[in-house]
Amino acid sequence: MILKKFSIMASRKRVFDLLRTINVATCQCPAHAHRGKIQVSNSTPLKDYAFEIKCSTVRYGLGVTREVGLDLVNLGAKNVCVMTDSNLVSLSPVKTVLDSLIKNGINYKIYDKVRVEPTDSSFKDAVKFAKKGNFDSFVAVGGGSVMDTCKAANLYYCDPEADFLDYVNAPVGKGKQVTVQLKPMIAIPTTSGTGSETTGASIFDLEEIHAKTGISHAALRPILAIIDPLHTLSLPEKVSNYSGWDIFCHALESFTAIPYTERGPAPANPALRPTYQGSNPISDVWARFCLQSLQKYFARAVYKPDDIEARSTMHLAATMAGVGIGNAGVHLCHGLAYPIAGNVKTFVPQDYGSDPIIPHGLSVAVTAPAVFRFTAPSDPGKHLEAASLLGADVTGKKQADAGKILSDTILKYMDVMKTENGLSALGYSSDDIPALVKGALPQQRLLQISPLPQSEEDLSKILEESIKIF
Ligand SMILES: NC(=O)c1ccc[n+]([C@@H]2O[C@H](COP(=O)([O-])OP(=O)(O)OC[C@H]3O[C@@H](n4cnc5c(N)ncnc54)[C@H](O)[C@@H]3O)[C@@H](O)[C@H]2O)c1
Ligand SMILES: [Fe+2]
């Protein structure tokens with residue numbers, strides 16, 4: 001009996017050993033690729049075979065901002081740099097943060113000059129403030145503009161000798177890896193859009209090239225994201241509208257991004273795996289949640305400011321989409337948006353102050369109908385699924401029509417959101433297209449995440465189709 005049991009166990013072990021041998025022999029990963037008789041070259045595999053998900057600790061709850069003072073006590077913080085913008089400084093999100101800091105005996109200094117849609121000069125001003133402060137931690141209270149400015153201030157404060165372009169993404173800057181230890185940063189988003197509270201990205205407009213670019217490294221990621229839907233109750237209609245489009249494009253772009261197994265090469269060292277890795281089963285979960293949330297809540301959140309259920313879900317969806325993009329990435333809408341926003345002429349949006357700017361969410365949405373018509377042949381099934389998650393009836397629809405169906409679905413949302421009718425409504429004409437294409441080309445980090453490679457002619461065609469979208 002014992003012998004029989006032993007022999008079953010032994011044969012099971014043989015089966016497992018055999019399976020492991022087969023698995024190792026067929027595995028292409030660097031850890032297993034040169035065992036036994038299998039001849040596998042030592043070169044890095046052309047395509048990646050792995051992805052990883054990184055994100056800030058996320059704490060979500062109505063009124064949870066009141067805990068921030070205790071978080072800083074727990075961190076041992078003695079001197080905190082609080083960053084915000086000149087509008088938010090007198091509104092309740094900042095007041096709640098300061099009350100919590102005061103109650104918990106935390107010393108702080110406040111910087112309230114963050115520029116909406118920041119530039120390299122506005123970043124440098126914030127860095128100057130940080131360098132004077134001897135801070136041991138940072139708290140950002142605001143939208144993407146505030147959180148991104150705070151990340152950059154933290155970075156250059158911790159590496160005071162660095163030249164500004166050292167850390168800016170290549171080829172615009174040197175794309176240097178961050179090896180200095182940054183101070184802990186807590187992010188408290190007040191818009192429902194960018195997801196910057198979970199990402200290592202800091203985006204700004206580099207004035208000399210009239211295009212947005214950024215700094216992107218995991219070290220910039222806040223250690224804690226405090227997601228408090230109460231802050232969204234003061235969001236003006238247009239900020240809610242345009243930042244909702246940012247969630248929309250984050251979800252659609254990360255869902256349709258090149259699959260991570262198609263992006264390459266695999267890094268020689270896991271530390272070098274890029275932040276934007278392509279679509280993967282985990283970021284797809286975030287994207288699906290967001291697309292369904294948008295179907296149910298986007299219009300309600302924009303047009304019913306006190307609909308706490310709608311605004312709360314949109315706030316959570318923004319963070320979820322942030323985790324998706326922070327790991328899968330975004331592609332053509334964002335790549336094209338950077339020169340669209342950077343070359344702004346006279347467009348002054350409602351609810352964003354008096355300077356000409358094209359709010360980020362609007363700049364990404366404006367090419368979306370044309371972008372997804374272009375990318376649909378890469379995976380018609382996934383484009384149809386996205387349309388369905390956004391509310392379209394796709395029963396019996398042909399794969400060949402996936403691009404048109406998704407694009408028509410986006411246009412229906414644009415109708416409800418009263419979105420401006422294309423690039424022409426933002427001050428551009430066909431004559432501007434060569435400059436916009438030129439501005440998009442340096443965004444290779446994003447363009448490479450597109451599920452289809454694209455020529456300059458393809459980008460021109462997408463922009464041409466976006467001059468008027470209805
Ligand atoms: N780092 C990332 O991962 C990432 C991702 C997407 C976008 N971005 C960047 O984020 C920036 C846009 O950020 P945004 O869309 O969050 O807007 P924003 O930070 O530019 O703010 C827009 C306006 O809304 C106001 N506002 C914000 N919250 C408010 C509230 N609760 N009540 C009343 N007014 C409020 C602000 O004062 C400002 O006037 C762009 O520069 C964009 O490029 C960054
Ligand atoms: Fe975005």
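**Entry 1: the iron site**

Donors are N, O and S atoms within 2.8 Å of the metal. With that in hand, I opened this predicted model and went to the iron ion (ligand 2). I found that its protein donors are D246 (OD), H250 (NE2), H334 (NE2) and H360 (NE2). I noted their distances from the iron ion as 2.1 to 2.2 Å.

Next I looked up the angles. What is the arrangement of the four donor atoms around the iron ion (ligand 2)? The angles run from 81 to 167°, so the arrangement is irregular. For four donors to count as tetrahedral, all angles would have to lie between 85 and 135 degrees.

Then I followed the donors along the chain and wrote down their spacing as D-x3-H-x83-H-x25-H. One pair links distant parts of the chain: H250 and H334 are 84 residues apart. I located H250 in helix α6 (residues 237-256) and H334 in helix α9 (residues 332-342). Are these two histidines, H250 and H334, buried or exposed? I can report that H250 and H334 are both buried.

**Entry 2: the largest cavity**

I turned to empty space inside the protein. How many cavities of 30 Å³ or more does the structure hold? I counted three. The largest cavity has a volume of about 100 Å³, and 13 residues line it. Closest to its centre I found N169, T213, P442, Q443 and R445.

Which element gives the largest share of this lining? My look-up says α16, with three residues. Both β7 (211-216) and α16 (444-447) supply at least two residues each. I also checked the domains: domain 2 (64-227) and domain 3 (235-465) each contribute at least three residues to the lining of the largest cavity. Sorting the lining by residue type, I got seven nonpolar, five polar and one charged.

**Entry 3: the second largest cavity**

My last stop was the second largest cavity, where I noted a volume of about 50 Å³. I listed the residues that line this cavity: S192, T232, L235, S240, G244, A301, R311 and M314. The elements giving two or more residues to this lining are α6 and α8 (308-327). Helix α6 was already in my notes, as the helix that holds the iron donor H250.

How do the residues of the lining of the second largest cavity divide? I sorted them into three nonpolar, four polar and one charged.

Terms used
Residues are numbered from 1 along each chain as its sequence is written. Chains are lettered from A and ligands numbered from 1 in the order in which they are written. This is a predicted model: local features need pLDDT of at least 70, side-chain atom pairs count only at pLDDT 80 or more; totals for chains, interfaces and linings use all residues. Side-chain values use heavy atoms; hydrogens and water are left out. Donors are N, O and S atoms within 2.8 Å of the metal (3.2 Å for Na, K and Ca); water is not among the atoms, so sites may look incomplete. Four donors count as tetrahedral if all angles lie between 85 and 135 degrees; four count as square planar and six as octahedral if opposite donors are over 155 degrees apart and all others between 65 and 115; anything else is irregular. Helices (H or I, at least four residues) and strands (E, at least two) are DSSP runs, numbered from the N terminus. Buried means under 20% relative accessible area, exposed over 50%, partly exposed in between (1.4 Å probe, protein chains only). On a 1 Å grid over the protein atoms alone, a cavity is a set of points where a 1.4 Å probe fits but cannot get out, and a pocket is an open set with protein on both sides within 12 Å along at least five of seven lines; lining residues have an atom within 4 Å of a point. Grid points are joined across faces, edges and corners, and a volume is the space filled by probe spheres set on the points. Ala, Val, Leu, Ile, Met, Phe, Trp, Tyr, Cys and Pro count as nonpolar, Asp, Glu, Lys and Arg as charged, and the others, Gly among them, as polar. Domain bounds come from an automatic or database domain assignment.
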